[in-house]
Amino acid sequence: MAPPRSKKRRPTFRRLLKTSNVKLENKLKNRQLKQQNTAKKQRKEQKRLRQAVKGAIMRTARPLERYKKTPEEERDAEEEEFLETLPTDMIDEDDMQQMTAMARQASFITRDLSSCVPVHSGKKRSAEVVRSYEKIPRKMVKTEEKEVIHLLPIKDKTGVIPQSVERVVTKPQDEEEEEEEEAAVEPEEEDNEGELQTVAALTAEQRERLRVVTLKQKKLQIAGLASALISDPTSNIKRLKELRGMLVEAEPSVAVTIRKLVMVSLMEIFKDVAPSYRIRPLTDEEKTTKVKKDTQRLREFEEGLVSQYKFYLEELEQTVKDWKQKKKKRSQVVGFQSYRGLAEVAVRCLCELLLALPHFNFHNNIVVALVPLMNDPSKKVSDMCCDAFRTLFQQDKVGGASLATVRVISGVVKSLSYNIRPEVLRSLLSLRIKEVEVKKDIESTAPKKKFMNNKEKKKSLSRMQRKWKKEEEKLEKELLEAEASENKDKKLKLHTETLNIVFLIYFRILKKAQKSVLLPAVLEGLANFAHLINLEFFDDLLSVLQNIIQSGDRTIRESLHCIKTVFTILSGQGDVLNIDPLTFYSELYRLLLRLHAGAPNDDIIILLQCLDHMLMRRRRHVTLQRAMAFMKRLSTLSLHVLPNASVGILAANRAVLHSFPKCDFLLDNEVQGSGFFLPELDEPEHCNAQNTALWELHTLQRHYHPVVRHFAVHLSRSAPSEGSASLRVDLSRRSPVDLFNDYSIKGMTFNPTIAPPTTKKKDRFNNGSKLLDQDLQRQVDTLMRDEDMEDTQLDFTAAHTHTH
């Protein structure tokens, strides 16, 4: 019985014709890739062979003299050996002496007369000429690779005739360039050695000219590569590697300048070319799946961009590390003195990338590299980094970059045991944190909204209602995407975590390093974020601040920051606490007389903010005696401060007078109670301020500043809102702090500007003035030019006829 026939059919030619074009293209690509790989392997083997031959030649020890014997020399050597074997008795002694003398005189006979070069070098060179040719590998004859393309077959009477055409395969341009570079490696090495010898022989002027020419060529090369990258980054992404290779410029005369230019050029290119999203690495499944040509091209561009960006950041970081560690390179291309300038340019590039690409890859790596440099001994580098992070905090709307930076700052402060510059902590004042999450215990007490699951929806909603509900949810998602608004909950969560880390830094310093130089920055930060502090920390924080003030070894600015922090806390969530801050009122009242025009003028801003919290916002908790005492001492202070400070203090007095109308007792000479006013007593409740008057306002009415005079007149008449003594609208609607800043003299100019003096009329004619009569004007002009004005007489009657 015959074996069963296989049901699998052999593929006929008709089935082969149905093969898709995609498969044929894939086969063609695979064949081309195999040919390229084999050609590349052959080139690599030839390169290794050349290197091995070159190394073997360099390692072989050659003798000083080595020449090949000619047939005649070999024949003479045999005859000499034969003669030596013969007995010397047959030769006479005279003949022997004569032959020895001839041999000494005619030593040139032993040399090869066919050669005209010296003995030791000529034969060696003539022999080496042939051997040098033998060392060079043979170049194989280039045979054009041909590819067979199958065409549509022709059907004849005899059957189907297949058709095909041969096509020459052209190599890519990159492979040809590689071959040319490999072939030119050896000549370039010889040329470099020759160039070094020629440069050493040049004069100083010639070297400078050569440097200028080289620098110009390098600049043109950088400009060409950069313009090609910016014009078409997707196609020219390989140029990025070539430009990055110039960061290790080996020419000593232009190395520093070229490296700086390349750093800045690459920084601008990355700022322009980098996309507005973070590039993630591809998974294994995504790499294996087939995609379109455009998608594959985009993937190659993103992969090349990320890798080159990473290498560039590593180069910048290594430059800074070499400068910090005082590491000297072996090559000595760039001296150690020049590394400072390179490091400053590298830090500047990192700061620019930190601000320009907060959304791109390796942003956290840049933060980690720059945060320690905020505490650098070099003031230029430290200020550069601190300014960059302040700008980053102000630009960060979501809070992700701010949180990463604050975490790194916290780690650096802790690792250095709080031995850092105050500017590092002052940079935290630029954080854009205005809202934080409420405590979770309060949220848990509130009733939570329950969402229906699918089963509940089916029970309570009809089919049409479920359909409408689904469409509404879909529409809400689309609207949120169209608005591109960030999630508010996510933003609050990030801000809360950031603020917790900031307060952790501040509380650690208050606990462990109260006598350090960081305390003013910590107090300033607590005053800035005091309204966001949790209620649990209020008691401990107030006791710590009170101890700091009572210690008495703090500056005016530090004490003012402590007072501001306390009253910011009490005016916010701390309003529910039953605390009498009488100590802080007395401390501020005592500090007022220590301020003057010679002290820093910025302390007045903190004073005005404290007065706003202590007197105006807490007016229900302030007695009339305390308000009158502060008003009297503030008027005294306005006499010996700068004009803008006087304007701000008088504006604060106006606000106190509006908040406590009975303070107009101070504008009258009559005594309101028993006792005498005690101006030197530092207790505002017991200084009897009601028995004095604001005589300072009469002195201020003769002040040289017009706005101070205007405010003094306004207050002396009980601060009316209407009438001749009322304030202008631009002054009445401004806060004391705003008025202090408006009339600041930081620019060393008087504000408001002084009007120029009026010009007096001149007694003589101007050049532009003309008489009405032309004849009279002509006579006047001739008389003005004539020197003998006394002899000439004017006839005014000839000009006009008079009728009587």
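A search of the whole structure, a predicted model, returned 0 disulfides. A disulfide is a covalent bond between the sulfur atoms of two cysteines. Two cysteines were examined for exposure. Cys 562 is buried, at 1% relative accessibility. Cys 687 is likewise buried, with a relative accessible area of 0%. Both values fall in the buried class because that class covers anything under 20% relative accessible area.

Salt bridges were examined next. Side chains of opposite charge can pair when their charged atoms come close. The search of the whole structure found 24 salt bridges. Three of these pairs are described here.

One salt bridge joins Glu 352 to Lys 271, with the closest N and O atoms 3.5 Å apart. Glu 352 sits in helix H13 (residues 339–356), while Lys 271 sits in helix H10 (residues 255–273), so the contact ties together parts that lie 81 residues apart in sequence. Glu 352 is partly exposed, with a relative accessible area of 31%. Lys 271 is also partly exposed, at 29% relative accessibility.

A second salt bridge links helices H21 and H16. Here the side chains of Glu 497 and Arg 407 meet at 2.3 Å, N to O. Glu 497 belongs to helix H21 and Arg 407 to helix H16 (residues 400–415), so this pair ties together parts 90 residues apart in sequence. Glu 497 counts as partly exposed, at 31% relative accessibility. Arg 407 is partly exposed as well, with a relative accessible area of 43%. Elsewhere, shared partners join Glu 268, Lys 271 and Glu 352 into one salt-bridge network. Lys 271 and Glu 352 thus appear both as a pair and as members of this network.

The third pair is Glu 286 and Arg 280. Their closest N and O atoms are 2.8 Å apart in a salt bridge. The two residues fall in separate exposure classes: Glu 286 is partly exposed at 21% relative accessibility, whereas Arg 280 is exposed at 53%.

Charge also gathers on the surface. Lys 397, Arg 432, Lys 434, Lys 488 and Lys 491 form a patch of positive charge there. One of these residues, Lys 488, is placed in helix H21 (residues 488–512). Lys 488 is exposed, with a relative accessible area of 56%. Helix H21 therefore holds Glu 497 of the salt bridge with Arg 407 as well as Lys 488 of the positive patch.

A nonpolar patch was found too. Tyr 704, Phe 750 and Ile 754 make up a surface patch of about 350 Å². Ile 754 lies in the loop between helix H32 (736–742) and helix H33 (774–785). At 68% relative accessibility, Ile 754 counts as exposed.

Not every acidic residue examined is open to the surface. Glu 249 is buried, with a relative accessible area of 8%. Glu 249 is located in the loop between helix H9 (238–244) and H10. The C-alpha atoms of Glu 249 and Val 262 are separated by 9.7 Å, and the two residues are 13 apart along the chain. Helix H10, at one end of this loop, is also the helix that carries Lys 271.

Definitions and conventions:
Residues numbered from 1 in each chain as written. Predicted model: local features only at pLDDT ≥ 70, side-chain atom pairs only at ≥ 80, totals over all residues. Heavy atoms only, no water. Patch = residues over 30% accessible without salt bridge, like charges linked within 9 Å, V, L, I, M, F, W, Y side chains within 5 Å. Areas by Shrake-Rupley, 256 points an atom, 1.4 Å probe, with all protein chains shown as cover. Salt bridge = Lys/Arg side-chain N within 4 Å of Asp/Glu carboxyl O. Lys, Arg positive; Asp, Glu negative; His and termini not counted. Charge placed at Lys NZ, Arg CZ, Asp CG, Glu CD. Helix = DSSP H or I, 4+ residues; strand = E, 2+ residues; numbered from the N terminus. Buried < 20%, exposed > 50% of the residue type's maximum accessible area, 1.4 Å probe, protein only. Disulfide = S-S within 2.5 Å.
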